[in-house]
Each structure stands twice: as structure tokens, then as C-alpha cells.
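Biologist: I should like to go through this protein with you and ask, at each step, what justifies the words used to describe it. Please show it first.

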Amino acid sequence: MSSDADADVTPSSADGVDAATPTGEADPDSSTADPVLAVDDLRKRYDDTVALDGVDLAVADEEFVAVVGPSGCGKSTLLRVLSGLEAEFGGRVAVDGTDVRDGGSDAVGMVFQEPRLLDWADVRENVAVGLPSDVDPASPPARERVDDLIETVGLDGFAESRPDELSGGMAQRVSLARGLAYDPSVLLLDEPFSALDRLTKADQQDHLLDVWEERGTTVVLVTHDVEEAVYLADRVVVLSGQPGTVASVVDVDIDRPRDRADADLVALRREVTDALGR
Ligand SMILES: Nc1ncnc2c1ncn2[C@@H]1O[C@H](COP(=O)(O)OP(=O)(O)OP(=O)(O)O)[C@@H](O)[C@H]1O
């Protein structure tokens with residue numbers, strides 16, 4: 001894709017976001033000097049339920065962070081706040097230095113557990129849904145960007161296919177391309193592979209890593225799957241049970257490509273599992 005096309009469809013972002021060095025253990029706020037995503041003392045309550053209580057998290061540019069925690073600890077709530085779907089909360093959440101309540105969430109892309117595709121639309125149209133609202137999806141730069149994303153997620157040749165002609169893994173890749181169409185500063189993934197069988201899941205995980213490495217996107221992945229978290233992420237943030245708060249942070253300081261059976265990886269899996277109290 002040409003840089004001209006990028007310029008036409010990419011929203012402007014705030015200046016001055018530099019990569020920073022993650023450090024780790026139990027102090028998620030100290031991980032980055034100038035984070036792309038900054039969560040400070042996040043508190044969220046639904047009537048009598050305290051879902052999140054004082055969550056701190058800082059994610060560096062191009063970092064891949066996984067969030068794990070017991071059922072009901074507030075993982076989905078956290079993503080809903082980050083993506084601007086929950087406007088009422090305590091504390092501060094900023095993307096590229098802009099509060100999510102002041103438009104910071106515009107710089108966030110989201111991939112859900114279910115692909116949530118439009119049945120009547122083909123792959124190209126489904127990906128185009130993720131383009132900025134002021135971009136004409138029929139314009140040549142937009143079409144070029146969409147086709148580039150379709151290629152990035154490995155679906156060349158399927159641009160005119162409809163969702164019922166795709167496998168579950170392929171449909172989830174359409175959802176990933178749609179999440180990237182806005183060229184987000186942060187891509188949020190809410191258990192994107194949990195509905196897939198084991199082999200498809202492993203393929204999709206590797207595919208996500210390829211896309212992450214190729215596009216340099218900052219990723220926050222919520223998952224129940226400790227193996228997935230440790231295999232994919234630079235850091236695993238472990239939330240405590242309800243109300244959710246950060247119980248510990250485990251650095252995964254292992255070069256990629258990683259071997260799922262690697263002894264160090266297995267040891268880190270145990271560390272995360274222990275932190276979860278399983
Ligand atoms: N819209 C809502 N109204 C009332 N309570 C809610 C709402 N959404 C979530 N909750 C409550 O907030 C808490 C956190 O829910 P959330 O779905 O964020 O947890 P989770 O960690 O994603 O759970 P799971 O792993 O089971 O998907 C739970 O007690 C849940 O019942």
C-alpha cells in the first residue's frame with residue numbers, strides 16, 4: 001500500500017509517544033515513561049457491584065500485553081472502558097495522552113470473542129466498516145487500504161466472500177482486519193480465539209503475532225488461557241478476583257519465535273497460574 005493511501009485514511013494522532021522499556025513485577029505503572037495507553041487508578045462500579053478497584057496499567061508503543069484473571073474480575077469491563085463503551089468510571093484512562101472521555105478511545109480498535117460480521121456483506125465491506133467515518137470506502141485509497149489489510153490477515157482471494165463461506169478462523173481474521181482498518185494506536189482483543197478448536201487457535205495465535213510484528217500495533221489481549229497469554233505477550237497482567245485489581249505482572253522475556261514446549265515458557269505459565277491461585 002502506498003504512503004499516499006495511508007495518509008488519506010489514517011486519523012491524526014497525538015505527538016510525542018515514544019517506545020519505553022517495560023520492567024515488570026507488580027508495578028504495572030512503572031513500566032513505561034511515556035505510554036501509549038495509561039490507566040491510573042481505574043475504578044468501575046455497576047450499582048452494588050464493584051467491578052474494578054484501582055487498576056493501574058501502562059502499555060508502551062508496540063508492546064503486547066495480555067490480561068488474565070478469574071471469571072468476573074472485570075476483564076471485559078476494563079476493555080469496555082478502554083474502548084470508550086463505558087463513559088462512567090473513576091480514575092483516568094488515556095490513549096496517546098488523550099483521555100478516552102475526550103476522544104482518546106477513537107484511537108482504539110476492538111476485536112471481540114465473536115467476529116460480529118455483517119452477514120449480507122462480503123469480506124471487503126466488512127473490513128471497510130472499520131474505516132474512519134469520514135473516509136469514503138469506495139475511494140481508491142480506502143479500497144487499497146482494505147485490500148492491503150485483507151492480504152495482511154491472509155485472506156487474499158476471499159475479498160468477495162460472505163461470512164457463511166468462511167471458517168471460524170477466517171471470520172475472526174476479517175474481524176482483526178476490521179479492527180486494524182482505523183489504524184488504531186492500541187488494538188484490544190477480548191478472548192478472540194476462545195471459540196476456536198485447538199489447532200485453529202494455535203494457527204490464529206501465530207497469525208496475530210505476524211500481523212502485530214508486521215504492523216507494529218500495540219496490543220492488549222484479554223484471555224482465560226494462560227498458555228496463550230504467555231506464548232503471545234511481552235507481559236502478562238494478572239487481575240485479582242472481584243473487584244479486579246492488578247495482583248501481579250509477569251514479564252515474558254523470551255525471544256520470538258517461541259517454542260510452546262520451551263522449559264522457560266512452561267515455568268512462566270506456572271508462575272502466572274500460581275498468581276491466579278489456580
Ligand atoms: N452491565 C452490567 N451491569 C451490572 N453488572 C455488570 C455489568 N457488566 C459486568 N457486570 C459485573 O461486573 C463484574 C465484572 O464483569 P466482567 O464481565 O467485566 O468480568 P470478566 O472478568 O470479563 O468475566 P468473564 O471472564 O466471566 O467474562 C461481574 O461481577 C459482572 O457481573
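**Reasoning from values to words**

Modeller: The model is a predicted one. UniProt, in an unreviewed entry, places the feature "domain: ABC transporter" at residues 37–266. In the model, the end C-alpha atoms of residues 37–266 lie 29 Å apart, and the span is 30% helix and 26% strand.

Biologist: What does the secondary structure of the protein come to, and how much of the protein counts as buried?

Modeller: The secondary structure comes to 8 helices and 10 strands. Of the 278 residues, 43% count as buried. In addition, residues 24 or more positions apart account for 70% of the contacts with a separation of 6 or more.

Biologist: Why is Glu-271 called partly exposed?

Modeller: Glu-271 has 18 other C-beta atoms within 10 Å. A buried residue needs 20 or more, and an exposed one has 12 or fewer. The value for Glu-271 falls in between, and therefore the residue is called partly exposed. Glu-271 is in helix α8, residues 263–276. The C-alpha atoms of Glu-271 and Ser-240 are separated by 14 Å, and the two residues are 31 apart along the chain.

Biologist: What makes Ser-194 partly exposed?

Modeller: The reasoning uses the cut-offs of 20 or more for buried and 12 or fewer for exposed. Ser-194 has 14 C-beta neighbours inside 10 Å, so Ser-194 counts as partly exposed. Ser-194 is in the loop between β7 and α6 (198–215).

Biologist: Which residues is Ser-194 in contact with, leaving aside its neighbours within four places in sequence?

Modeller: Ser-194 is in contact with Gln-113 and His-224. Contact is judged between C-beta atoms, which must lie within 7 Å. The C-alpha atoms of Ser-194 and His-224 are 8.1 Å apart, and these residues are 30 apart in sequence.

Biologist: Let us turn to the sheets. Why are β6 and β10 said to stand at the edges?

Modeller: The open sheet of 6 strands has the order β6-β7-β8-β3-β9-β10, with mixed pairing. β6 (108–111) and β10 (246–251) each have a single partner strand, so one side of each is left without a neighbour in the sheet. From one strand to the next, the twist averages 20 degrees.

Biologist: How do you know that β6 pairs with β7?

Modeller: Two strands pair if there are at least two bridges between them. β6 and β7 (residues 186–190) have 4 bridges, in the parallel sense, and therefore meet that requirement. Val-108 has Val-186 as its bridge partner in β7, and Val-111 has Leu-189.

Biologist: What makes both faces of β6 covered?

Modeller: In a regular strand the side chains alternate between the two faces of the sheet. Val-108 and Met-110 are on one side of β6, Gly-109 and Val-111 are on the other, and all are buried.

Biologist: In which sense do β9 and β10 pair, and what do they form?

Modeller: β9 and β10 pair in the antiparallel sense over 5 bridges. They form a hairpin with 6 residues between them. One of the bridge partnerships joins Val-236 to Val-250 in β10. Helix α8 lies across β3 (64–68), β9 (235–239) and β10, running at about 175 degrees to β10.

Biologist: What is the order of the open sheet of 4 strands, and which are its edge strands?

Modeller: The order is β2-β1-β4-β5, and the pairing is antiparallel. The edge strands are β2 and β5 (98–99), each of which pairs on one side only. Helix α2 packs on this sheet, touching β1 (37–46), β2 and β4, and its direction makes about 60 degrees with that of β2.

Biologist: How do you know that β4 and β5 pair?

Modeller: The requirement is at least two bridges. Strand β4 (residues 90–95) is joined to β5 by 2 bridges, so the requirement is met, and the strands run antiparallel. In β5, Asp-99 is the bridge partner of Ala-94.

Biologist: Finally, which residues surround the ligand?

Modeller: The ligand is surrounded by Tyr-46, Thr-49, Ala-51, Gly-69, Ser-71, Gly-72, Cys-73, Gly-74, Lys-75, Ser-76, Thr-77 and Gln-242. Two or more residues of the shell come from each of β2 (49–59) and α2 (75–82). α2 gives the most, with 3 residues.

Biologist: How do the residues of that shell divide by type?

Modeller: They divide into 3 nonpolar, 8 polar and 1 charged.

Key:
Residues numbered from 1 in each chain as written. Predicted model: local features only at pLDDT ≥ 70, side-chain atom pairs only at ≥ 80, totals over all residues. Near = placed C-beta within 6 Å. Nonpolar A, V, L, I, M, F, W, Y, C, P; charged D, E, K, R; others polar. UniProt positions renumbered as here; feature names shortened; annotations may be inferred. Axes fitted to C-alpha atoms, helices over the stretch in contact; angles between N-to-C directions. Contact = placed C-beta atoms within 7 Å.
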